[in-house]
Amino acid sequence: MCRILAYLGPELPLENLLLKPTNSLVNQSRAPEHHPLMQLAGWGFAAWSDNFLRPDVPLRYRRAVPAFFDDNTGTLIPALQGHTVLAHIRASTYQSEAVIADENCHPFCYEGTPWSMAHNGSLPNWRILQRELLSHCKDEYLGQMCGTTDTEFVYALFLSLLEEDDGDGFQDALERMLKLIIKSMRKLKMVSHSKLKLAFACQNRVVAVNYGSGFHGETNIEGELEELRNAKVGSREFLLSTILEPLYVLKGRDFHKYEDYQIDACHEHQTTAAVLASEPLTEDTEDWLELEFGKMILMERDGDGLRTEVRAL
């Protein structure tokens with residue numbers, strides 16, 4: 001599986017998020033805690049900072065090499081800081097058919113929208129599903145597609161369905177998108193699973209979604225996660241566990257005082273920062289909140305504070 005990391009809060013050196021911690025995103029590319037395979041298909045990040053000349057536009061970096069082999073990390077990342085960060089390491093099949101290219105690395109950022117997106121998941125048969133789904137996509141987004149991934153198509157489809165970028169707008173677009181995907185699968189007699197663990201970011205805002213469907217197009221997926229996790233890698237049961245896996249959120253204040261994903265716990269109204277991740281990033285996981293399957297979290301900086309809302313989809 002791919003791995004996602006997002007940060008929202010006061011300006012912070014990017015190396016404190018991506019490099020220095022023992023379980024940093026770069027280290028996860030070769031030693032993920034919750035997945036048996038390394039992520040070798042590239043990586044990238046987008047960052048927003050009040051110190052950039054264009055603070056509303058993300059600085060985006062993508063490279064199609066394993067993150068731990070990227071010789072730019074030691075010079076580029078320590079020179080940057082940000083208050084909003086979205087980073088991703090890409091996994092792909094260990095097969096010659098996999099297209100390893102910068103254009104396929106996340107996050108994706110299109111003109112005409114403030115939102116960037118990263119994805120941990122899959123949409124099987126997405127190329128054939130386009131027979132039904134392309135009519136729902138706007139030309140302004142389809143015309144910007146330059147990669148060969150299901151993620152970029154999901155990004156273009158979602159943006160096309162997004163009418164308002166508040167919580168109601170996100171929920172409506174996500175629910176409509178999954179219904180359209182399942183309807184297309186059934187019409188084309190290609191019903192399969194979908195795994196849509198999505199993270200969106202723009203200046204001062206992060207939205208994360210844990211969504212998808214089971215092997216029969218069902219959104220109310222049954223199964224005990226702990227049992228499914230122990231299934232044979234590559235089996236249907238194991239794949240089902242990856243769909244049901246939660247995302248994780250750590251909220252608090254004074255994140256800048258630490259270099260290992262530590263944060264001072266506090267009351268909700270005192271929260272100033274949050275980290276979203278595909279797995280808990282500290283040995284002590286007690287303070288990490290689980291974003292369960294079928295849930296969405298919306299986070300926004302509000303002055304010196306942070307507002308969060310969790311919704312069921």
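In the predicted model, the side chains of strand β10 are divided between two directions, with A273, V275 and A277 pointing one way and A274 and L276 pointing the other way, and all of these residues are buried. Such a division is in keeping with the general behaviour of strands, since in a regular strand the side chains alternate between the two faces of the sheet. Strand β10 comprises residues 273-277 and is mostly covered, five of its five residues being buried.

The partners of β10 lie in an open sheet of seven strands, in which the order is β3-β2-β4-β1-β10-β9-β11 and the pairing is antiparallel. The edges of this sheet are occupied by β3 (59-63) and β11 (289-291), each of which has a single partner strand, so that one side of each is left without a neighbour in the sheet. From one strand to the next, the twist averages 15 degrees. On one side of β10, strand β1 is paired with it in the antiparallel sense over four bridges, and within this pairing V275 of β10 is the bridge partner of Y7. Strand β9 (residues 247-252) is likewise antiparallel to β10, to which it is joined over five bridges, and here A273 in β10 is the residue that stands opposite G252. Further along the sheet, β1 (residues 3-13) and β4 (residues 81-89) form an antiparallel pair over eight bridges, in which H88 of β4 serves as the bridge partner of I4.

A second open sheet is formed by six strands in the order β5-β6-β7-β8-β12-β13, again with antiparallel pairing. Its edge strands are β5 (108-109) and β13 (305-312), each of which pairs on one side only. Within this sheet, β8 and β12 are paired in the antiparallel sense over six bridges, and V207 stands opposite L298 in β12. Residue L298 in turn stands opposite E309 in β13. Strands β12 and β13 run antiparallel and are joined by eight bridges, and R307 in β13 is the bridge partner of E300. The hairpin made by β12 and β13 has two residues between the strands, and in this hairpin G303 takes a positive phi near 65 degrees.

Helices are placed across several strands of the six-stranded sheet. Helix α6 lies across β5, β6 (116-122) and β7, and runs at about 125 degrees to β6. Helix α9 (residues 236-244) lies across β7 and β8, and its direction makes an angle of about 25 degrees with β7.

For helix α7, which has 21 residues, a rise of 1.5 Å a residue leads to an expected span of 30 Å, and this agrees with the separation of its end C-alpha atoms, which are 30 Å apart. The helix is followed by K189, whose phi is positive, near 55 degrees. Two packed helices are described by the angle between their axes and the distance between the axes. For α4 and α7, the angle is about 100 degrees and the axes are 9 Å apart; the two helices are therefore roughly perpendicular to each other. At their interface, L129, E132 and L133 in α4 meet L180, I181, S184, M185 and K187 in α7.

The largest nonpolar core has 37 residues, and those with the most contacts inside it are F158, M177, L198 and F200. Two or more residues are given to this core by each of α4 (126-133), α6 (150-161), α7 (167-187), β7 (194-202), β8 (205-213) and β12 (295-302). The largest share, nine residues, comes from α7. When neighbours within four places in sequence are left aside, F158 is in contact with F170, A173, L174, M177 and F200. Apart from this core lies another, of 29 residues, among them L14, L25, W43 and L281. The grouping of such residues follows a broader tendency, in that nonpolar side chains in soluble globular proteins tend to be buried together.

How values were computed: Residues are numbered from 1 along each chain as its sequence is written. This is a predicted model: local features need pLDDT of at least 70, side-chain atom pairs count only at pLDDT 80 or more; totals for chains, interfaces and linings use all residues. Side-chain values use heavy atoms; hydrogens and water are left out. A nonpolar core is a set of buried Ala, Val, Leu, Ile, Met, Phe, Trp, Tyr and Cys residues joined through side-chain atoms within 4.5 Å. Buried means under 20% relative accessible area, exposed over 50%, partly exposed in between (1.4 Å probe, protein chains only). Contact means heavy atoms within 4.5 Å. Two strands pair if DSSP finds at least two bridges between them. Axes are lines fitted to C-alpha atoms, for helices over the stretch in contact, and angles run from 0 to 180 degrees between N-to-C directions. The expected span of a helix is 1.5 Å times one less than its number of residues. Angles under 35 degrees count as roughly parallel, over 145 as roughly antiparallel, 65 to 115 as roughly perpendicular and the rest as oblique.
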